[in-house]
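Here is a friendly walk through one structure, from a single loop residue to the contact between chains. Have a look at the model first, and then read on.

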Amino acid sequence: MAIVDRLAGWLETVLEIVTAVLMITLTLIVLYAVITRYTARTPSWYDEVASIMLVWLTYYAGALAALKRGHIGVDGVLRAMPEKLRMLVAYIGEVFFIGFFLVLGWAGLVVLEVMQGMTLITLRWVPVMFTQSVIPIGAGLFILAQLLSMPAYLAKVRAGVSRDEEEIQHAIAEAEKDNAQAGLSADSLTGKHRS
Amino acid sequence: MIIFLMLVALLVMILINVPIAVSLALVAVGAIVMTQGVEMLPNVALTMFDGASSFPLLAIPMFVLAGAIMNTGGISRRLIAFASALFGFIRGGLAMINIGVSMFFAEISGSAVADVAATGSVLIPAMRKRGYPRDFAAAVTSSSASLAIIIPPSIPMILYGVMAGASIVQLFVAGIIPGIIGGVGMMFLSYYYARKYNWPVEEVFQINRVWRTFKEAFWALTLPIIILGSIFGGFVTATEGAGMAVAAAVFISTVIYRELNLKALYRAVIDGGQQTAVVMLLVAASALVGVFLTEMRLPQQLAQAVLDLTDNRYAILMLLNVFFLVIGLFLHSAAAIILVVPIVMPLVNAAGIDPVHFGLVVCLNLAIGQQTPPVASVLITACSIAKADVWSVTRSNLGFIGVLLGVLLLITYVPVIPMSLVEYFYR
C-alpha cells in the first residue's frame with residue numbers, strides 16, 4: 001500500500017504542476033489577446049491555441065480529478081446496497097471506467113498515425129500530432145490515476161462513506177482555513193455584542 | 001430500440017457510480033460499435049478532442065479562478081464588512097447581509113459547494129451567535145446561494161449558452177432583473193420573519209462606519225462593475241472579461257490588500273483547473289453522444305412528438321419546467337445542463353421560445369433543484385455548517401423556495417421581465 005500511496009503522491013504532484021502551467025498560460029494568453037486587441041491586432045493563433053489548451057486542461061487536470069475521485073457521479077444507490085453486492089458493483093464500475101479509457105487511448109493512437117505530417121492552421125510549425133497527443137497520453141493518465149486511487153476508493157465504498165459528504169466537509173474545512181487566515185470570523189461581524 | 005438500450009445502460013452505469021461523463025461516453029461507444037462497426041471507433045478520439053475545444057467555454061476556467069482568488073484573497077471579507085455596515089441596522093439585518101453577499105459570490109467559482117462554504121462558514125456562525133435559529137440560518141444561506149445561478153457571472157449560464165448556442169452576454173444581462181427581484185423578495189421574507197420572531201438589530205446606522213468599510217471594499221466593489229460593464233458594453237468577450245477578472249483579482253489581493261499568499265494562489269489555480277476539467281470532460285462526452293443522437297434524429301423526433309400534442313408556447317414551457325424541476329432533484333446543475341439541453345433545444349426552437357429566455361428558465365429550475373433533496377449539495381453544505389438536520393431546514397426553507405418558484409413563474413410566463421434589458425441593449 002505504501003508504494004501505491006507514494007506513486008499516487010508523485011502523480012498528483014506532476015499533474016498539479018501541469019495543471020498550474022496550463023491555467024497560468026491560458027490566463028496570460030487571454031490577457032495578451034485583450035491587450036493586443038486595443039493596441040495592435042489580436043494574434044491569429046489566439047482562438048486555435050487557446051481552444052487546444054483548454055482540451056489539454058480537460059485531460060491533464062481531469063486525470064488529477066480522477067486521482068482524487070472528483071468526477072461528478074451519483075453514489076446514493078451504491079451506498080444503499082448490502083456490502084457484498086456493493087463491492088462487486090464497485091469493481092464492475094472500475095472496469096467500466098478503465099475500459100473506456102483503454103478504448104479512448106487506442107483510438108487516440110490510431111488518430112495520431114493518421115495525423116502524421118499535418119500542422120495547425122495558424123501555426124505552421126506546430127504538428128497536429130503534438131496537440132492530439134493529449135488524447136492517448138491523457139487516457140493513459142486517467143487509467144493510472146484510477147488504478148492508484150482504487151484501494152482507497154474501495155475501502156471507502158466498503159465503509160459506506162459518501163463522496164458528496166466528503167467533498168462538503170473538505171470545502172468547509174478549506175473555507176474555514178481561508179477565513180481564519182483573513183481574520184474573518186463570526187465575532188468580527190457581531191463583535192460588539194455579548195452572545 | 002438502440003435508444004432504449006442506450007438509456008437503460010446509461011441509467012445503470014450512473015446508478016452504480018460510474019462518473020456521468022464516462023457513462024455517457026461508454027454508451028456512445030457502444031452505440032457506435034452496434035450501428036457503425038468497430039472501424040469507426042477512432043472517431044471517438046477525434047470527438048473527445050473537438051468536443052472539449054470550445055473557445056467560449058474558456059470563460060469557465062477564467063471565472064472559476066477569479067472566484068477562487070476572491071475567496072482566498074481578502075476580497076469577500078471586505079464585502080461582508082461593507083454589507084454589514086450598510087444593512088446591519090435593519091431588523092434581521094444579518095439575514096439580509098447573507099442574501100446580498102451570496103448573490104454576489106455564489107456560482108462564481110464553478111463549485112456551488114465551495115462558494116456556499118466560503119460565505120456560509122462566516123455568516124451562519126454569526127447568525128447563530130446573534131440568536132437566529134440554526135434552521136433559518138442554513139435555509140437563507142442555501143436559497144440565496146442558489147438564486148445566484150441567474151446572477152452574472154454564472155458558470156451554469158456559460159454552459160447553457162454553449163450547449164444551446166445562445167449568447168452568453170445576453171444570458172448574463174437577462175439574469176439581472178429577475179435576480180434583483182428574487183433577492184429583494186428573499187430580503188422581505190427575512191424581514192417578515194425577523195419581525196415575527198423578534199430577531200436582533202446588529203448595530204445603529206453609522207455613516208462613518210459605512211464610509212470606512214466602503215473605502216476598504218471600494219476595489220472589491222468596482223472590480224465586478226468594470227468587468228461586467230466591459231462585457232455588457234461589447235468591449236470584450238465573456239472569456240476576455242473573465243481573464244481580466246483574474247488579473248484584477250490578483251492585483252487587488254496582492255497589491256492593494258496584500259493578503260493573497262502564493263500558496264493560496266497555487267491552490268486556487270489547481271482547484272480551478274480541476275473543476276474546469278470535471279465540467280469539460282462532461283462536455284466532451286456529451287459531444288460524443290450528440291453526434292449519435294443527431295444521426296438518430298432523436299431531438300427532432302422528440303420535438304415533433306411534443307408539437308403534435310400542443311404548439312402552445314406556454315404549455316410547452318410548463319412541460320419543460322416540470323421536466324427540469326424533476327431533473328434538478330437528481331442531478332447536479334452542470335451535468336443536467338450538459339445532458340438535457342441539447343436534447344430539448346430543437347423543441348424549444350420549433351416552439352418559437354427565445355433561447356436566452358429559456359436559458360434563464362433552465363438555470364432557475366436547477367437552482368430550485370439544488371434546494372430539494374435527495375441531490376442538493378448546496379443545501380447540504382449549508383446544513384452541515386449550521387449542524388442542522390436537512391429536513392427541518394427544508395421546512396424553514398419552504399418560504400425561500402416559494403420565492404424562487406415565484407421568480408421562476410414570473411420569468412417563464414412574463415418574458416418581458418428577463419428580456420426587456422436584452423431587447424433594449426442588443427436587439
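Let us begin with B:Thr372, which sits in the loop between helix H17 (355-369) and helix H18 (377-386) of chain B. Please keep in mind that this is a predicted model. The side chain of B:Thr372 reaches back along the chain: a polar atom of it lies 3.3 Å from the backbone oxygen of B:Ile368, and the backbone oxygen of B:Gly369 is reached at 3.1 Å. Once neighbours within four places in sequence are left aside, B:Thr372 is in contact with B:Leu329 and B:Ile401.

Elsewhere in chain B, helix H4 (residues 59-72) is worth a look. Its 14 residues reach 20 Å from the first C-alpha to the last, close to the 20 Å expected at 1.5 Å a residue. H4(B) is mostly covered, with 14 of its 14 residues buried. Just after H4(B) comes B:Gly74, with a positive phi of about 85 degrees.

Now to the salt bridges. Over all chains, the whole structure holds eight; four of them appear below.

| Salt bridge | Closest N to O |
|---|---|
| A:Lys68 and A:Glu16 | 3.7 Å |
| A:Arg69 and A:Glu94 | 2.9 Å |
| A:Glu83 and A:Arg158 | 3.2 Å |
| B:Arg267 and A:Glu16 | 3.4 Å |

How buried or exposed are the partners? A:Glu16 counts as buried because its relative accessibility is 9%, whereas A:Lys68, at 33%, counts as partly exposed. A:Arg69 is buried, with a relative accessible area of 14%, and A:Glu94 is buried too, at 5% relative accessibility. The pair of A:Arg69, in the loop between H2 and H3 of chain A, and A:Glu94, in helix H4 of chain A, links parts of the chain 25 residues apart. A:Glu83 is partly exposed at 40% relative accessibility, and A:Arg158 is partly exposed at 43%. A:Glu83 in helix H4 and A:Arg158 in helix H6 of chain A are 75 residues apart. Through shared partners, salt bridges join A:Glu12, A:Glu16, A:Lys68, B:Arg267 and B:Asp271 into one network.

That brings us to the interface. Here 79 residues of chain A are in contact with 81 residues of chain B. The two chains bury about 7000 Å² between them, 72% of it on carbon and sulfur atoms. Across the interface of chain A and chain B there is one salt bridge, and six residue pairs are in polar contact, both residues at pLDDT 80 or more. The side of chain A that touches chain B divides into 47 nonpolar, 20 polar and twelve charged residues.

Terms used: Residues are numbered from 1 along each chain as its sequence is written. Chains are lettered from A and ligands numbered from 1 in the order in which they are written. This is a predicted model: local features need pLDDT of at least 70, side-chain atom pairs count only at pLDDT 80 or more; totals for chains, interfaces and linings use all residues. Side-chain values use heavy atoms; hydrogens and water are left out. Contact means heavy atoms within 4.5 Å. Buried area is the accessible area (1.4 Å probe) that two parts lose on being put together, summed over both. A salt bridge is a side-chain nitrogen of Lys or Arg within 4 Å of a carboxyl oxygen of Asp or Glu. A polar contact is a pair of N or O atoms within 3.5 Å; within protein, one must be able to donate a hydrogen and the other to accept it, and residues adjacent in sequence count only if both atoms are side-chain atoms. Ala, Val, Leu, Ile, Met, Phe, Trp, Tyr, Cys and Pro count as nonpolar, Asp, Glu, Lys and Arg as charged, and the others, Gly among them, as polar. Helices (H or I, at least four residues) and strands (E, at least two) are DSSP runs, numbered from the N terminus. The expected span of a helix is 1.5 Å times one less than its number of residues. Buried means under 20% relative accessible area, exposed over 50%, partly exposed in between (1.4 Å probe, protein chains only).
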